[in-house]
Amino acid sequence: MSIEAELRERAQAAERREAALVRTLPFALLAISALITLFEPMPVNRPLVLALTAAAAIWLTGFATQYPRRRDHRLLMAGYYAGLIVLAATLVALAPWYGIFAITGWVHALESLTGRWPYVGAALTSMIMAVTYMGGLPRIDAEEWWLWLALATLTAVLSCASLYGVQRWLARSEEQQQALTALHQANLQLEEAAEENAGLHAQLLVQAREAGVHDERQRMAREIHDTLAQSLAGILTQLQAAEQSGQDPAGRSHLGKAMNLARESLAEARRTVQAVEPALLAEALLPEAIDSVARRWSQAHGIEAELTTTGHARPMHTEVEVTLLRATQESLANVAKHARAGRVGITLSYMADLVTLDVRDDGVGFDPQATPSGQTGDGGFGLIGMRRRAQRLAGQMAIESETGAGTAVSVSVPAIPVGG
């Protein structure tokens with residue numbers, strides 16, 4: 001059980017004990033008063049006293065059955081208290097020992113009356129009790145009435161002061177109960193919020209898993225396009241050249257190139273599945289890897305390709321180098337398929353916070369406005385893949401081309417160092 005629940009249970013238990021005491025204590029006081037009166041040798045009208053005692057018991061029973069259900073019914077409770085005071089005063093006038101029962105007036109004043117009326121009830125009870133203190137109504141004669149008045153006044157002041165203290169204590173208890181209720185409500189809201197957060201967390205996990213699967217599919221698609229598709233296209237070109245050469249030695253050269261491309265494609269496929277960096281970057285720095293790609297591409301297609309490096313070449317984060325290497329391969333593949341160029345210039349520029357790759361050709365060019373960006377015959381993973389790679393690193397890609405004036409592709413990404 002939580003501390004808050006335990007405190008609430010204690011408060012409720014205290015309220016139950018208080019209600020039981022308010023209901024049962026008057027019966028006990030009435031019984032004690034009746035027993036003492038019956039065995040007291042003082043002459044009293046016992047039949048009348050017993051009849052009034054029975055009436056008082058019935059009156060108390062009515063209160064006990066209605067309390068605390070009718071506690072807020074002011075007129076009903078005020079009427080009950082008035083009857084209680086009349087019965088107590090009558091019994092004390094007949095038999096002084098019923099002053100013990102009259103104590104009920106103090107107890108029920110707070111339970112039956114509201115506002116300032118409990119203090120009036122306490123004062124009336126004090127006047128009745130003062131008769132008991134004097135030894136009975138017959139002993140209050142003309143010479144001792146002032147003593148009765150003094151006793152009544154003193155007990156009234158003391159009882160009102162005690163009543164005020166009890167009211168303050170009850171007010172604090174009520175405030176504590178309200179605080180416990182508010183705390184309970186807050187705990188319920190926190191539990192509901194925790195359950196809602198748990199549900200949202202589960203949804204986020206599902207969405208993150210789905211996003212991860214989507215990203216991995218996109219990565220595989222880009223890698224396959226940038227490696228396997230281009231290599232297979234090169235193999236097809238070499239095989240076609242070998243077929244046209246027949247038994248010519250040049251044909252065997254084309255077959256050798258095709259076999260080498262096939263081996264490299266197989267290695268790249270394995271590296272792609274294992275999600276490791278390309279073999280070229282594993283064995284050399286980025287400028288050397290791009291230069292190797294350019295030389296092989298130039299040999300395969302018979303087009304001059306030259307790399308120029310500016311700035312301080314330094315190792316970059318793997319994602320940065322892979323993005324620029326794949327951009328080089330894609331740009332060269334597009335030149336081979338579409339540009340009909342005679343020369344390609346590649347510039348790799350290292351700056352303080354950027355690394356930029358520019359690939360320019362002197363081919364036929366095209367109208368960028370007439371051709372949707374990234375719309376290629378390879379299923380859309382060409383320029384679109386380059387752009388997405390750059391955007392993943394908060395970089396950008398730009399294409400400049402004009403019909404008959406060649407094409408320039410520029411990719412800029414942040415210069416993220418190794419370990420950055």
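Ser112 is found in helix 5, which covers residues 104–112; helices here are DSSP runs of H or I with at least four residues, strands are E runs of at least two, and both are numbered from the N terminus. The model is a predicted one, so to speak of local features takes a pLDDT of at least 70, side-chain atom pairs count only at pLDDT 80 or more, and totals for chains, interfaces and linings use all residues. Residues are numbered from 1 along each chain as its sequence is written, and side-chain values use heavy atoms, with hydrogens and water left out.

Back to Ser112: with a relative accessible area of 4%, this serine is buried. Buried stands for under 20% relative accessible area, exposed for over 50%, and partly exposed for what falls in between, using a 1.4 Å probe and protein chains only. Leaving aside residues up to four places away in sequence, Ser112 touches Phe63, Met77, Ala78, Tyr80 and Tyr81, a contact being heavy atoms within 4.5 Å. Tyr81 sits 31 residues from Ser112 in sequence, yet the C-alpha to C-alpha distance is 6.5 Å. The rest of helix 5 tells a similar story: seven of its nine residues are buried, so the helix is largely enclosed by the rest of the structure. Besides Ser112, the buried set takes in Thr104, Gly105, His108, Ala109, Leu110 and Glu111.

Tyr80, one of the residues that Ser112 touches, also turns up in an aromatic pair. The count comes to one such pair, where rings of Phe, Tyr and Trp (its six-membered ring) pair if their centres lie within 6.5 Å, and planes under 30 degrees apart count as stacked, over 60 as edge-to-face and the rest as tilted. The rings of Trp59 and Tyr80 have their centres 6.2 Å apart and their planes at 15°, so this pair is stacked. Trp59 belongs to helix 2 (residues 46–66) and Tyr80 to helix 3 (residues 74–94), so the pair ties together parts that are 21 residues apart in sequence. Tyr80 is buried at 7% relative accessibility, whereas Trp59, at 36%, counts as partly exposed.

On to the strands. Strand 3 (residues 354–361) is mostly covered, with six of its eight residues buried. On one side, strand 3 pairs with strand 2 (residues 343–350) in the antiparallel sense over seven bridges; strands pair if DSSP finds at least two bridges between them. Three residues make the hairpin that joins strand 2 to strand 3, and Leu348 stands opposite Leu357 of strand 3. Strand 3 is also joined to strand 5 (residues 407–414), antiparallel again, by eight bridges, with Thr356 having Ser412 in strand 5 as its bridge partner.

At the surface, Leu35, Leu38, Phe39 and Leu50 make a nonpolar patch of about 420 Å². Patches take residues with over 30% relative accessible area and no salt bridge, joining like charges within 9 Å and nonpolar side chains (Val, Leu, Ile, Met, Phe, Trp, Tyr) within 5 Å; a salt bridge is a side-chain nitrogen of Lys or Arg within 4 Å of a carboxyl oxygen of Asp or Glu. Helix 1 (residues 3–39) gives the largest share of the patch, three residues. Leu38 lies in helix 1 and is partly exposed, at 36% relative accessibility.

Overall, the protein has twelve helices and five strands, and 36% of its 420 residues count as buried.

How values were computed: Accessible areas come from the Shrake-Rupley method with a 1.4 Å probe; for residues, only the protein chains shown count as cover.
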